[in-house]
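Student: I would like to request a close look at one part of this structure, followed by an account of what lies around it. Please begin with the small sheet, and then proceed to the rest in a connected way.

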Amino acid sequence: MPTRRLNFYDHAVFDRAGVFRKDAAWIAARLDDEATRFVPVWRSQNLFVEEVPAPVLLERAELREIPGEFVLLGLDEGRAVFAVDLSPLETPLDAVRLDRPAQFGDLRRFGPLIDPGEGTLLAYARGMLYWHSRHRFCGVCGSPTGSVEAGHVRRCTNASCGTSHFPRTDPAVIMLVTDGDRCLLGRQRQWPAGMHSTLAGFVEPGESLERAVAREVIEETGIEVGEVTYHSSQPWPFPSSLMLGFTARALTTELRVDPEELETARWFDKAWLLRHEDDDEFRLPRRDSIARRLIEDWLGR
Ligand SMILES: [Zn+2]
């Protein structure tokens with residue numbers, strides 16, 4: 001394991017327990033075990049007790065039914081943990097029996113406020129059930145697929161096809177471009193007022209990560225980069241990305257911003273960033289993001 005400080009959604013305090021996924025008898029027994037915990041997901045939302053806020057992990061007795069897919073997430077201190085999909089229900093709280101008020105909400109709203117280990121578990125649950133919802137039919141022959149291996153594979157039900165489909169993760173590069181004591185931050189039109197962040201983009205088929213970094217930077221800002229250095233990665237299943245973080249050294253400094261991609265991009269002095277507090281004119285990205293981490297680490301905070 002890395003010795004670095006972990007990125008949010010990467011605090012895996014549980015064992016993914018891959019060896020049990022094909023053991024149908026073990027899975028069936030765990031689904032009925034009172035020690036087992038269930039992470040309910042409804043249409044990409046997780047269940048929270050709002051005041052704290054804290055995620056709700058259900059005990060078997062608190063779950064009336066499993067109306068959709070289930071996925072073995074792993075073992076937490078010897079207890080099995082499953083994600084359960086309540087999306088087929090219009091009113092998902094009908095499936096649970098709780099003695100405390102709770103409601104479904106977007107993990108990104110609570111992310112930085114909850115326990116990082118639980119945040120990691122909820123992001124994993126949400127990402128897996130999103131994948132199930134988008135792969136109900138075989139991309140090869142168009143027949144329905146069915147969940148197997150405790151929710152980690154979807155297999156085509158057409159016997160003459162039988163293709164196995166595996167959970168998808170889309171790699172995206174995210175990079176802090178620096179020029180001595182300045183760094184390059186951009187802003188997309190739809191972001192919250194004043195927010196500026198690192199550049200980012202999806203890796204294309206047949207492309208290395210280093211080349212994806214260089215391509216995205218020149219496409220969005222006209223800046224050529226030289227040395228590209230890996231920083232760290234962050235699962236970002238909103239809905240299905242893996243963010244691969246880099247720093248990149250600028251070889252040129254004259255900006256030519258692509259207005260389709262960015263509203264603006266500018267060079268920011270380190271000293272100015274260190275002095276500046278968030279306000280409506282300027283703010284950094286959310287604290288649970290790797291973008292924020294790349295900037296804070298460069299600033300030496
Ligand atoms: Zn098929």
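**A small sheet and its surroundings**

Tutor: Strand β9 is joined to strand β10 (residues 164-165) by 2 bridges, and the two run antiparallel. Please keep in mind throughout that this is a predicted model. Across this pairing, R154 stands opposite H165 in β10. Strand β9 (residues 153-156) also pairs with strand β8 (residues 145-148), through 4 bridges and again in the antiparallel sense. Here G146 has R155 in β9 as its bridge partner. Taken together, 3 strands form an open sheet in the order β8-β9-β10, with antiparallel pairing. The edge strands are β8 and β10, each of which pairs on one side only. It is helpful to recall a general rule when viewing such a sheet: in a regular strand the side chains alternate between the two faces.

The turn of the hairpin comes next. Between β8 and β9 there are 4 residues, and among the residues of this hairpin E149 takes a positive phi near 50 degrees. A general expectation makes this worth noting: most residues other than glycine have a negative phi. E149 is not a glycine, yet its phi is positive, at about 50 degrees. The residue belongs to the loop between β8 and β9, and it is partly exposed, with a relative accessible area of 24%.

Another loop offers a second example. E77 lies between β5 and β6. This residue also has a positive phi of about 50 degrees without being a glycine. E77 is exposed, with a relative accessible area of 78%. A further backbone feature is found in the loop between β14 and β15, where P239 is placed. The peptide bond that joins F238 and P239 is cis, with omega about 10 degrees. The general background is that most peptide bonds are trans.

The interior may now be considered. The largest nonpolar core has 38 residues, and those with the most contacts inside it are Y9, V39, L73, L107, L176, L185 and L273. The elements that give two or more residues to this core include β1 (37-42), β5 (70-76), β6 (79-85), α3 (116-134) and β11 (170-179). The largest share, 7 residues, comes from α3. A second, separate core has 23 residues, including I27, V49, F82 and A150. To see what a core residue touches, one may select L73. With its neighbours within four places in sequence left aside, L73 is in contact with F14, D15, R16, V39, V81, F82, A83, L121, Y124 and A125.

One helix deserves separate attention. α6 is mostly covered, as 9 of its 10 residues are buried. These buried residues are I290, A291, R292, R293, L294, I295, E296, W298 and L299. Among the elements that cover them are β11, β12, β14, β15, β16 (264-269) and α5 (270-275). α6 is followed by G300, whose phi is positive, near 80 degrees.

Finally, there are the pockets. The largest pocket holds about 720 Å³ of space. It is lined by 30 residues, of which Q188, W191, A200, W236 and M243 are the closest to its centre. The elements that give two or more residues to this lining are β11, β13 (199-202), α4 (209-221), β14 (225-236), β15 (241-250) and α6. β13 gives the most, with 4 residues. By class, the lining of the largest pocket divides into 15 nonpolar, 9 polar and 6 charged residues.

The second largest pocket has a volume of about 510 Å³. Of the 25 residues that line it, Y124, G127, R168, T169 and P237 lie nearest its centre. At least two residues of this lining come from each of α3, β14 and β15. α3 gives the most to the lining of the second largest pocket, with 8 residues. This lining has 14 nonpolar, 6 polar and 5 charged residues. Y124 thus connects two parts of the account: it is among the contacts of L73, and it is one of the residues nearest the centre of the second largest pocket.

Notes
Residues numbered from 1 in each chain as written. Predicted model: local features only at pLDDT ≥ 70, side-chain atom pairs only at ≥ 80, totals over all residues. Heavy atoms only, no water. Core = buried A, V, L, I, M, F, W, Y, C linked by side-chain atoms within 4.5 Å. Buried < 20%, exposed > 50% of the residue type's maximum accessible area, 1.4 Å probe, protein only. Contact = heavy atoms within 4.5 Å. 1 Å grid on protein atoms, 1.4 Å probe; cavity = no way out; pocket = protein on both sides within 12 Å on 5 of 7 lines; lining within 4 Å. Points joined across faces, edges and corners; volume = space filled by probe spheres on them. Nonpolar A, V, L, I, M, F, W, Y, C, P; charged D, E, K, R; others polar. Pairing = 2+ DSSP bridges.
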